Amino acid sequence: MMSERQPPIRLLSTAGLKQDLQTLHDAAVMHPHGPEDRLLRVALNQLGRIKQGAPGTHPLECMPSYPDLSDCETTYVGADPSAKPSHRIVWRERVPQRPGEPVTREVIALGERANGQAYYMAGQRLGRPVGFTLAKLAAQREPIASPSRPPRRSIGSIDTPSMNEPGLQFE
């Protein structure tokens, strides 16, 4: 049960997560009552717990052999409770933009633990290559307007062509 003080949480399932769940569901349909079916049920249960505010298994860190997911958490899931969990759910929490809005937990990937597959998938879906920290990626992203370059013409200026461009006419 959530306490009165905890803000509501909105769970945002990305297209990637939906694809991961569909793949797992298809495998579970092929093997009813098998490990795939159990893994699907465990994963859905963990997603419910994430939505309720449960903490992740642990926050992720920037590691040189993986994409930087230091703004994300991971939650372990597995079909066999007596074995090391075989899969990871990678998600991140976003603070509300305005007071009164719910916290958003964006679930990015549900993937296999083996060889860091879940982490590579999450990095790819977030556009984060291996070897770049979040700070390096932010520094490389070009600002929309820079004082050192002339302004580009906007779509709104299409009806006022410059002297070097032919006029565009629409009927």
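Q: At what angle do helix 1 and helix 2 pack?
A: This is a predicted model, in which local features need pLDDT of at least 70, side-chain atom pairs count only at pLDDT 80 or more, and totals for chains, interfaces and linings use all residues. Residues are numbered from 1 along each chain as its sequence is written, and side-chain values use heavy atoms, with hydrogens and water left out. Helices (DSSP runs of H or I, at least four residues) and strands (E, at least two) are numbered from the N terminus, while axes are lines fitted to C-alpha atoms, for helices over the stretch in contact, with angles from 0 to 180 degrees between N-to-C directions. With their axes 7 Å apart, helix 1 and helix 2 pack at an angle of about 145 degrees.

Q: How do the residues of the contact of helix 1 with helix 2 divide?
A: Contact here means heavy atoms within 4.5 Å, and the residues that make it are Leu17, Leu21, Leu24, His25, Ala27 and Ala28 of helix 1 together with Glu36, Asp37, Leu39, Leu40, Ala43, Leu44 and Leu47 of helix 2. Ala, Val, Leu, Ile, Met, Phe, Trp, Tyr, Cys and Pro count as nonpolar, Asp, Glu, Lys and Arg as charged, and the others, Gly among them, as polar. On that basis, the residues of this contact divide into 10 nonpolar, 1 polar and 2 charged.

Q: Which residues of helix 2 are buried?
A: Buried means under 20% relative accessible area, exposed over 50%, and partly exposed in between, with a 1.4 Å probe and protein chains only. The cover over the buried residues of helix 2 includes strand 1 (9-13), helix 1, strand 3 (73-77), strand 4 and strand 5. Beneath these elements, the buried residues of helix 2 are Asp37, Leu39, Leu40, Val42, Ala43, Gln46, Leu47 and Ile50.

Q: Which element gives the most to the largest nonpolar core?
A: A nonpolar core is a set of buried Ala, Val, Leu, Ile, Met, Phe, Trp, Tyr and Cys residues joined through side-chain atoms within 4.5 Å. The largest has 16 residues, of which Leu47, Ile89 and Leu110 touch the most other members. Helix 1, helix 2 (35-52), strand 4 (87-94) and strand 5 (103-112) each supply at least two residues. With 6 residues, the element that gives the most to this core is helix 2.

Q: How many residues are in the second, separate core?
A: Leucine 47, apart from its neighbours within four places in sequence, is in contact with Leu11, Leu17, Leu21, Ile89 and Val107. The second core is separate and includes Leu60, Leu69, Tyr119 and Ala122, and its residues number 11.

Q: Is aspartate 20 buried or exposed?
A: Aspartate 20 is found in helix 1 (residues 15-30), and, not counting residues up to four places away in sequence, it touches Ala109, Leu110, Met121 and Arg125. Because its relative accessibility is 9%, aspartate 20 counts as buried.

Q: What is the phi of asparagine 115?
A: Most residues other than glycine have a negative phi. Asparagine 115 lies in the loop between strand 5 and helix 3 (117-125), and it counts as exposed because its relative accessibility is 72%. Although it is not a glycine, asparagine 115 has a positive phi of about 60 degrees.

Q: Where is histidine 33 found?
A: Histidine 33 has a positive phi of about 65 degrees although it is not a glycine. At 75% relative accessibility, this histidine 33 counts as exposed. Histidine 33 is found in the loop between helix 1 and helix 2.
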